[in-house]
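User: I would like to learn how to read metal sites, cavities and sheets in a model. Could we take them in turn?

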Amino acid sequence: MNIELIRELTEAWGPPSQEGRVREIVKTHIAGLVDEMRVDRMGNLIALKRATIKPAGSEAPKRVMLSAHMDEIGFIITHVDEKGFSRFNSVGGLRPLTLVGNRVVFADGAVGTIQIEKGPRAATEAPGFEQLFIDVGAADRKSSPIKVGDLGALQGVLAQSGDRLIGKSMDDRIACVVAIEAMRQLKQTPHDIHAVFSVQEEVGLRGARTAAYGVNPDIGIAVDVTLTGDFPEAPFMEVALGKGTAIKVQDSSVIADPRLRNLMVQRAREGRIPYQLEVLTAGGTDTAAIQMSREGVPAGCISIPCRYVHSISEMVDIKDIQASINLLTAILSKPIDLD
Ligand code: CO
Ligand code: ZN
């Protein structure tokens, strides 16, 4: 497993609309694996690998769009008070309970710590955003390095514990790794593969929507993390860490095309790739943006099981990452006939 690439990507800074640093890393690693690259007006990176096997007759190769998002959940500063303490809101699905004591980094490298008001509510209630503040150590508002409208992201380093990796932004940088490594592993393909590294997924699948319009794919495959039901008092969910890649059946944004989902299952069985079926009752993915593009696109999703999604310590299993790379490679290597 390419742990160094996982480290580089998960530790990179990139809240929604500020994906440039992540995009540069992806570009560097995928450059030798594709035929063309472009960045669209929204900031999506679109890497094209052309078909190496010609389809029968005069048919053009199918256009297959992949999508893995580059952005991570972030913070936006809403107010800086006279003493230099900042209030913020979430850009994407942050939960206040997971934040206290963590650090936030801003574009220019300024760092602050998230703390909570010590009022009477602090001892008895789960905090809301209105009780939290960011302290950058400034003497007052004037000397604070951050101002209203600044975007921040959590600061965190990658850790390894056996087969398990713990880090921030596994959502969705681990999927960027899966897409890059699948392109590396792919020996031949009958498809024109448009590997999209999308922007602004966490605020509503915005980058994938415009990318799908531009690419105009015949088939769409998103790659993202999914929740698990395998920790104490987790919500009921079949997906567990270490039991293989997850083939999406449904999430709250999309019903995966049943034909494409069945083909994914078939490819997993043929390749003896461990897999699980994923039914996610909360949360959406780029899959939906591709499916609803233009006149509709058959779309599915390969998910990497992940505990504690949207916290600073998202946990994934190396075996599941490898299974996801293997399944994506197997799907792209052969014709995708859905009729
Ligand atoms: Co997310
Ligand atoms: Zn995601």
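What follows is a dialogue on a metal site, a cavity and two sheets.

Analyst: This is a predicted model, in which local features need pLDDT of at least 70 and side-chain atom pairs count only at pLDDT 80 or more, while totals for chains, interfaces and linings use all residues. Residues are numbered from 1 along each chain as its sequence is written, chains are lettered from A and ligands numbered from 1 in the order in which they are written, and side-chain values use heavy atoms, with hydrogens and water left out.

User: Which atoms coordinate the zinc ion (ligand 2), and why is the arrangement of its four donor atoms irregular?

Analyst: Ideal angles at a metal are 109.5 degrees for four tetrahedral donors. Here the zinc ion (ligand 2) is coordinated by H69 (NE2), D171 (OD) and two OD atoms of D224, at 1.9 to 2.7 Å; donors are N, O and S atoms within 2.8 Å of the metal (3.2 Å for Na, K and Ca), and sites may look incomplete since water is not among the atoms. The arrangement is irregular because the angles subtended by the four donor atoms run from 51 to 150°, whereas four donors count as tetrahedral if all angles lie between 85 and 135 degrees, and as square planar if opposite donors are over 155 degrees apart and all others between 65 and 115.

User: What does D171 bridge, and are D171 and D224 buried or exposed?

Analyst: D171 bridges the zinc ion (ligand 2) and the cobalt ion (ligand 1), which lie 3.3 Å apart. D171 belongs to helix α3 (residues 170-185) and D224 to strand β13 (residues 219-226), 53 residues apart. Both are buried, meaning under 20% relative accessible area with a 1.4 Å probe, protein chains only.

User: How many cavities of 30 Å³ or more does a search of the whole structure find?

Analyst: Rolling a probe the size of a water molecule over the atoms shows where empty space is left. The search finds one such cavity, a set of points on a 1 Å grid where a 1.4 Å probe fits but cannot get out. The largest cavity has a volume of about 70 Å³, and its lining (residues with an atom within 4 Å of a point) includes D171, E72, K168 and H310.

User: In what order do the strands of the barrel and of the open sheet run?

Analyst: Strands of a sheet pair through backbone hydrogen bonds, either parallel or antiparallel. Six strands close into an antiparallel barrel in the order β4-β5-β8-β7-β6-β9, where strands are DSSP runs (E, at least two residues) numbered from the N terminus, and two strands pair if DSSP finds at least two bridges between them. Within the barrel, β7 (residues 111-116) and β8 (residues 132-135) pair over four bridges, I116 having L132 as its bridge partner in β8. The open sheet has the order β10-β11-β18, also with antiparallel pairing, and its edge strands are β10 (159-161) and β18 (314-317).

How values were computed:
Tetrahedral: all angles 85-135°; square planar, octahedral: opposite > 155°, others 65-115°. Buried < 20%, exposed > 50% of the residue type's maximum accessible area, 1.4 Å probe, protein only. 1 Å grid on protein atoms, 1.4 Å probe; cavity = no way out; pocket = protein on both sides within 12 Å on 5 of 7 lines; lining within 4 Å. Points joined across faces, edges and corners; volume = space filled by probe spheres on them.
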